[in-house]
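I opened this notebook to record what I looked up in the structure, entry by entry. The topics are charged pairs, aromatic rings, nonpolar groupings and the overall fold.

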Amino acid sequence: MNAFQSQADVVLQKSIREGFGLTVTEALWKVRPTIGGNVGGIPLQITDGESGYLVDSPEGAAQRTLEVLGDPELGKRLGRAGKEHARERFLTPRLLRDWLELFTDLEG
């Protein structure tokens, strides 16, 4: 999967039901423009129109995929924003910071 994602022009995760969907974060981290179903934990990972696209139908997924494939600069912008989004929200340093803030709040 890593090799496919790393070389993809766009990554599509069109789930109709989903938990967190780690494949979405992996694609974002690899600076790939990502299109995901607007379900479960996917909206936590993709900010629609900024770090990727959220879609509600197969037709919407096809439309957004064609937009990204037809505009390489759009794909690059989404990919860069997606990586930054993943870095800010899903890496271990962020988790550690959240825990430290929680412990500090409990002490107070």
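**Charged pairs in helix 6**

I began with Asp-98, which counts as partly exposed at a relative accessibility of 26%. The model I am reading is a predicted one, and I keep that in mind for every value below. Asp-98 forms a salt bridge with Arg-94, and I noted 2.7 Å between the closest N and O atoms. I then checked where the two sit, and because Asp-98 and Arg-94 are four residues apart in helix 6, about one helical turn separates them. Arg-94 is partly exposed as well, with a relative accessible area of 28%.

Next I looked up Arg-97, which forms a salt bridge with Glu-101, the closest N and O atoms being 3.7 Å apart. This pair, too, is four residues apart in helix 6, so about one helical turn lies between Arg-97 and Glu-101. Arg-97 has a relative accessible area of 43% and is partly exposed, and Glu-101 counts as partly exposed at 43% relative accessibility. I also asked which residues are joined into one network by salt bridges that share partners. The network consists of Arg-94, Arg-97, Asp-98 and Glu-101.

**A further salt bridge, and the count**

Outside that network I noted the pair of Arg-89 and Glu-88, a salt bridge whose closest N and O atoms are 3.3 Å apart. I looked up the exposure of both partners: Arg-89 is partly exposed with a relative accessible area of 35%, and Glu-88 counts as partly exposed at 36%. How many salt bridges does a search of the whole structure find? The search finds seven.

**Aromatic pairs**

I then turned to the rings, for which the count comes to two aromatic pairs. Phe-20 and Phe-90 form an edge-to-face pair, with 5.3 Å from centre to centre and 75° between the planes. Phe-20 lies in the loop between strand 1 (11–13) and helix 2 (22–29), while Phe-90 belongs to helix 5, so the pair ties together parts that are 70 residues apart in sequence. Phe-20 is partly exposed at a relative accessible area of 34%, and Phe-90 counts as partly exposed at 26%.

The rings of Trp-99 and Phe-103 have centres 5.7 Å apart and planes at 35°, so I entered this pair as tilted. Trp-99 and Phe-103 are separated by about one helical turn, because they are four residues apart in helix 6. I found Trp-99 to be partly exposed, with a relative accessible area of 43%, and Phe-103 to count as partly exposed at 44%.

**A nonpolar patch on the surface**

Trp-99 and Phe-103 came up again when I looked for nonpolar side chains on the surface, since they belong to a patch together with Leu-95, Leu-96, Leu-100, Leu-102 and Leu-106. The accessible area of the patch is about 730 Å² in all. Is Leu-106, a member of this patch, buried or exposed? Leu-106 is exposed, with a relative accessible area of 64%, and it lies in helix 6 (residues 92–107).

**Nonpolar cores**

For the interior I looked up the largest nonpolar core, which has eight residues: Val-10, Ile-35, Tyr-53, Val-55, Ala-61, Val-68, Leu-74 and Leu-78. Strand 3 (53–55), helix 4 (58–70) and helix 5 (72–90) are the elements that give two or more residues to this core. Another core lies apart from it and has six residues, including Leu-28, Ile-42, Ile-46 and Leu-54.

I followed Tyr-53 further and, leaving aside neighbours within four places in sequence, found contacts that include Ile-35, Ile-46, Asp-48, Arg-64, Val-68, Leu-74 and Leu-78.

**The protein overall**

Last, I noted that the protein has six helices and three strands, and that from the N terminus on its elements run α-β-α-β-α-β-α-α-α. The C-alpha atoms fill a box of roughly 55 × 25 × 25 Å along the principal axes. Buried residues make up 32% of the 108 residues. Among contacts with a separation of 6 or more, 49% are between residues 24 or more positions apart. The accessible surface comes to about 6800 Å², with 57% of it belonging to carbon and sulfur atoms.

Key:
Residues are numbered from 1 along each chain as its sequence is written. This is a predicted model: local features need pLDDT of at least 70, side-chain atom pairs count only at pLDDT 80 or more; totals for chains, interfaces and linings use all residues. Side-chain values use heavy atoms; hydrogens and water are left out. Patches are made of residues with over 30% relative accessible area and no salt bridge: like charges are joined within 9 Å, nonpolar side chains (Val, Leu, Ile, Met, Phe, Trp, Tyr) within 5 Å. Accessible areas come from the Shrake-Rupley method with a 1.4 Å probe; for residues, only the protein chains shown count as cover. A salt bridge is a side-chain nitrogen of Lys or Arg within 4 Å of a carboxyl oxygen of Asp or Glu. Buried means under 20% relative accessible area, exposed over 50%, partly exposed in between (1.4 Å probe, protein chains only). A nonpolar core is a set of buried Ala, Val, Leu, Ile, Met, Phe, Trp, Tyr and Cys residues joined through side-chain atoms within 4.5 Å. Contact means heavy atoms within 4.5 Å. Rings of Phe, Tyr and Trp (its six-membered ring) pair if their centres lie within 6.5 Å; planes under 30 degrees apart count as stacked, over 60 as edge-to-face and the rest as tilted.
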